[in-house]
Structures are given as C-alpha cells and as structure tokens.
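I opened a notebook page for this structure and wrote down what I looked up, entry by entry.

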Amino acid sequence: MNKFIGVLTLIVALVASFYSGYLYRGIEPITSGEIDERIVEVMEELKENHFSRPTEEDLVQGAIDGMIASLDDPFTSYFSQSEQEEYNQGFEESYVGIGITVSYVDSLIVVEQVSTNGPADQAGILVNDVIAFIDGEDIRGDAFYESISKVVGEVGSSVEIGVIRQGVELPIYFDVERQVIDSPSLSYEVFEEDAKIVGYIDVNTFGSETASLFSDAIEDLEGMNIDGLVIDLRDNGGGYLSAVIDMLDEFLIDNGKPMFSTEYYANGTFRRDEYFATNTEEKPYDIVTLINGNSASASEVFASSMQEHGGHLVIGTTSYGKGTMQTDIPLQAVIGDSIHLTIGKWFTSNEGWVHYDGGTDGVVPDIIVEQDDVMRAYKVFLLEEEEIVYDTVSSRLTNIQIILNGMGYSVRIDGYFDDETQQALSDIQMNNGLMVSGEINEETLAVLNDFLTIYKQNPLNDAQLMEAVDQIE
C-alpha cells in the first residue's frame with residue numbers, strides 16, 4: 001500500500017531533507033573541452049541519428065538524471081527554479097494552493113481535509129473526492145508529485161479540478177482560484193486525564209518559523225499548569241537544522257556531551273560539527289516524544305536527542321531511518337536551478353547512525369506501541385470498472401473487513417468475500433437507506449470511509465497518544 005499525506009504543493013513527505021540552508025561554492029563552469037569526449041560523442045550521435053529525434057535539452061537532462069541516479073541516493077535531486085520554490089514553501093507557514101490535504105492511495109489522490117472557507121471549500125470540493133483530472137488531463141495513476149505540481153501556480157490564477165465522487169456517475173469539475181493558504185507547522189492543545197493536565201504539541205515539519213511557534217506554544221501550555229508534555233513527530237519528514245537545535249534547547253541541559261553531531265563534505269574536505277545544549281534548568285514535568293515509521297530526518301534528530309541526551313521517553317514505532325543531511329547548491333549555469341545534495345551524515349548523542357542503509361534502521365522507541373488494525377486501515381475506492389465480488393479473494397477486501405470489524409461486525413480479515421462479509425454489507429446498506437445488495441459499491445464504501453475518518457480523528461482510538469498520556473506522572 002502506497003500511502004502518505006501531503007498538502008497540495010510540493011511539500012516534503014517522509015523523505016524531507018534535514019539541512020541548514022544554502023551552501024554557496026565558487027565553482028568554475030566546466031567547458032565542453034573539459035567534458036569526457038565519450039559524453040560529447042554519444043550525445044551527438046543520439047541527437048543526429050536516433051529515430052526518436054531527441055533534443056539536446058532532453059539529452060542533457062538525461063545525462064544529469066543519470067549522474068544523480070548513479071549515486072543510489074534518493075535524497076539527491078536536481079531542482080528547477082519552480083521546483084526549488086515549491087520545495088521551500090513546504091517549510092513556510094503558508095503556501096500558494098487550493099486549500100486541501102490529500103492522501104495517495106492505490107495511485108489515486110484522495111481529499112482528506114478541506115480548509116474551511118479556502119478556495120477548494122468555496123468551490124465545492126469535498127472530503128473523500130478523488131482528484132482525477134487537472135486542467136482536463138487525466139492524472140489517475142500518475143506519480144504523486146508529478147500530479148500535484150500541476151495544481152500549484154501563481155496567486156490569483158485558476159486551475160480546473162475534476163473529481164470522482166462516490167455515488168455520482170460522472171466526474172464533477174470545479175474552477176478553483178489559487179490563493180495563499182495558511183499551513184501552520186504545528187498545533188497544540190491540552191488533554192485532561194485522571195486529574196492530569198497534559199500539553200500536546202503536534203509538529204508537522206521543522207520550518208522557518210517552527211522554533212518560534214514551538215517556544216510560544218510551550219509558554220502558553222505552561223501557563224495552563226501542565227503536568228506533562230507530549231510532542232508528536234509522527235509523519236513528520238524533517239526540515240531545518242536550526243529549528244531542531246532551538247527546539248531541543250527548550251528542554252536539554254548541558255551535560256558535557258553533544259545533543260547530536262554531523263560529519264559532512266564541503267569544499268573538498270570533511271568536517272565534524274557537534275551541537276551542545278545551552279540550557280541550565282530542566283523542565284519540572286515529564287516530556288514524551290511520539291514517532292512512527294514516517295518520522296524522518298530532523299524528527300529523528302529530535303527524538304534521539306531527547307532519548308539519549310535528555311533521558312526522556314520516546315513512544316511509538318521505529319522511525320524511518322534517514323541518517324543523512326542535505327543542502328541546496330544553486331547552479332551558476334542556470335540561474336534559479338539547484339542541486340539538492342547529500343553532503344554528509346548526522347549521529348545521535350551516543351554516536352549512533354540511524355540510517356536505513358548501513359545504520360541502525362531508525363530510532364527505536366523506549367516503549368513500542370502499535371496502532372490497532374482500524375487505525376492502520378485506509379480508505380477504499382473502486383477503481384475504474386473494478387469489482388470486488390462474492391466468493392473471491394482480494395487484499396483490498398481485507399482492509400474493508402478490518403473497517404467492518406471496527407464498526408462492530410465480526411467478520412474474517414483474510415480477504416475472502418464470504419457470507420458473513422456479505423451480510424455485514426447488507427446491514428450497513430439497510431441502516432443507511434441504500435439499496436440492499438450485499439455487494440461492494442461506491443455508496444457503501446462512502447459509509448465505511450466516513451466511519452474511518454471519524455474513528456481516526458478520535459484521540460481515544462490513538463493507542464500511541466494514550467500510552468504517552470498514561471506515562472505522564
């Protein structure tokens with residue numbers, strides 16, 4: 001199952017970079033005479049004689065892509081000026097877009113949230129709509145970033161969004177005006193549990209203003225006399241080095257060893273930097289950090305530092321395992337373009353390397369808590385002309401059966417469409433005024449998907465969060 005959440009702009013997901021900013025280097029452009037003669041000769045032969053008639057720009061881009069691919073590093077990439085701008089927007093408190101949050105499920109872009117009074121909301125786009133067309137182009141099955149890059153554009157310009165809506169036979173089209181959308185990098189609230197007041201900060205990314213907002217949130221929560229604090233870094237893909245340092249400095253005290261360290265390659269030499277806490281007073285309350293398999297990069301720096309340096313609890317599941325760091329190097333040959341380049345590694349306070357390839361495969365929580373099957377379930381949509389029918393086996397039906405059990409039915413969860421599964425579907429159809437058939441159709445799936453949305457939004461169903469609250473003394 002390929003699923004992740006992202007705002008409709010090129011906002012970073014689980015592979016978000018942990019980097020300190022722009023690294024400028026004085027590099028003289030290479031002239032054609034200095035390029036390996038094989039490259040020049042192959043390019044000329046392809047350009048002149050290949051039947052597909054490639055352009056020089058195509059071949060140059062192919063050469064660049066090939067060089068980057070040879071590194072076997074998914075975190076190094078070439079950014080055009082527009083891609084660089086869109087990438088940077090992911091670390092700001094606002095972006096230019098249409099005001100929706102989406103998931104990528106089975107190669108479909110599904111609307112998960114619609115910003116109240118945002119352009120999508122005003123146009124009429126709804127939660128669970130499947131975005132199928134952008135400016136008349138069918139994007140079903142296309143790569144996620146390739147698709148959403150077609151949505152971004154200039155403030156005030158319009159984009160036509162075509163959606164597939166459950167229960168509606170034909171696609172519905174909306175003209176949506178792009179606007180500046182607020183996209184806060186964190187939110188916070190309090191939970192009251194067993195006479196305890198527990199502060200909760202959900203950090204979505206480590207952006208340019210996150211550290212300042214984090215400090216304000218802590219001050220506000222402490223003003224409510226909290227007994228403890230939960231910091232939620234689940235599904236947080238990373239961000240700026242400076243934000244991580246400032247946020248750690250809210251809690252960690254100087255004990256003589258670094259919170260974390262970095263080793264990186266710059267201007268032909270390796271360098272090592274160590275980052276020490278400067279605080280002198282510990283917080284008078286318990287602090288718990290939540291992570292999961294989509295917590296990456298800067299999230300792992302924060303979690304490991306809280307765990308190894310500060311002795312604070314980390315709860316959840318093992319993190320992604322991204323132990324490298326990147327920076328953006330502007331190109332001189334094409335103004336505005338850049339290389340997003342891996343320049344080194346970072347190490348935990350105890351000198352561990354969490355990388356998934358050659359390292360420890362992530363930060364391991366002190367208390368491992370798995371979410372229940374329903375929390376891990378995903379929404380199901382019928383693909384074009386797809387059928388899930390009685391007396392067949394389907395992995396997608398396994399997911400549907402998990403949701404049915406969450407709704408109070410008792411059915412098997414091995415993906416086999418049996419009598420009990422059919423009866424459960426018939427009951428749901430009868431209870432919701434639908435045609436009773438016992439079959440899986442879009443109207444019935446809409447009921448299941450709505451249940452799943454409500455279930456996941458209830459914090460009492462979040463086993464990891466509840467365990468964190470329970471650990472606060």
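Entry 1, backbone at Glu351. I began with Glu351 in this predicted model, and asked whether Glu351 counts as buried or partly exposed. With a relative accessibility of 42%, Glu351 is partly exposed, because the class in between runs from 20% up to 50%. I located Glu351 in the loop that joins β19 (338–348) and β20 (367–368). Its phi is positive, about 70 degrees, although Glu351 is not a glycine. I noted beside this that most residues other than glycine have a negative phi.

Entry 2, backbone at Asp135. I then turned to Asp135, which also is not a glycine and has a positive phi, here of about 50 degrees. Asp135 sits in the loop between β6 (130–134) and β7 (137–138), and its relative accessible area of 48% makes it partly exposed.

Entry 3, packing of two helices. I looked up how helix α1 (residues 37–49) and helix α2 (residues 56–69) lie against each other, and found an angle of about 140 degrees with the axes 10 Å apart. Why is the pair described as oblique? Angles count as roughly antiparallel only over 145 degrees and as roughly perpendicular from 65 to 115, and the angle here is about 140 degrees, so α1 and α2 are oblique to each other. The crossing of α1 and α2 is right-handed. On the α1 side I listed Met43, Leu46 and Lys47 as the residues making the contact, and on the α2 side Glu56, Leu59 and Val60. By type, the residues of this contact divide into 4 nonpolar and 2 charged, with no polar ones.

Entry 4, the nonpolar cores. Which residues have the most contacts inside the largest nonpolar core? I found that this core holds 41 residues, and that Ile201, Phe214, Ile231, Phe251 and Phe302 have the most contacts within it. The elements giving two or more residues to it are β12 (196–203), α6 (210–222), β13 (228–232), α7 (241–248), β16 (286–291) and α8 (298–309), and α7 gives the most, with 6 residues. I followed Phe302 further and, leaving aside residues up to four places away in sequence, found that Phe302 touches Phe206, Phe214, Ile231, Leu233, Val244, Met247, Leu248, Phe251 and Thr289. A second core, separate from this one, has 24 residues, among them Val374, Ile388, Leu445 and Val447. As background I added that nonpolar side chains tend to be buried together in soluble globular proteins.

Note on methods. Residues numbered from 1 in each chain as written. Predicted model: local features only at pLDDT ≥ 70, side-chain atom pairs only at ≥ 80, totals over all residues. Heavy atoms only, no water. Core = buried A, V, L, I, M, F, W, Y, C linked by side-chain atoms within 4.5 Å. Buried < 20%, exposed > 50% of the residue type's maximum accessible area, 1.4 Å probe, protein only. Helix = DSSP H or I, 4+ residues; strand = E, 2+ residues; numbered from the N terminus. Contact = heavy atoms within 4.5 Å. Axes fitted to C-alpha atoms, helices over the stretch in contact; angles between N-to-C directions. Parallel < 35°, antiparallel > 145°, perpendicular 65-115°, else oblique. Left-handed = near helix turned anticlockwise from the far one by under 90°. Nonpolar A, V, L, I, M, F, W, Y, C, P; charged D, E, K, R; others polar.
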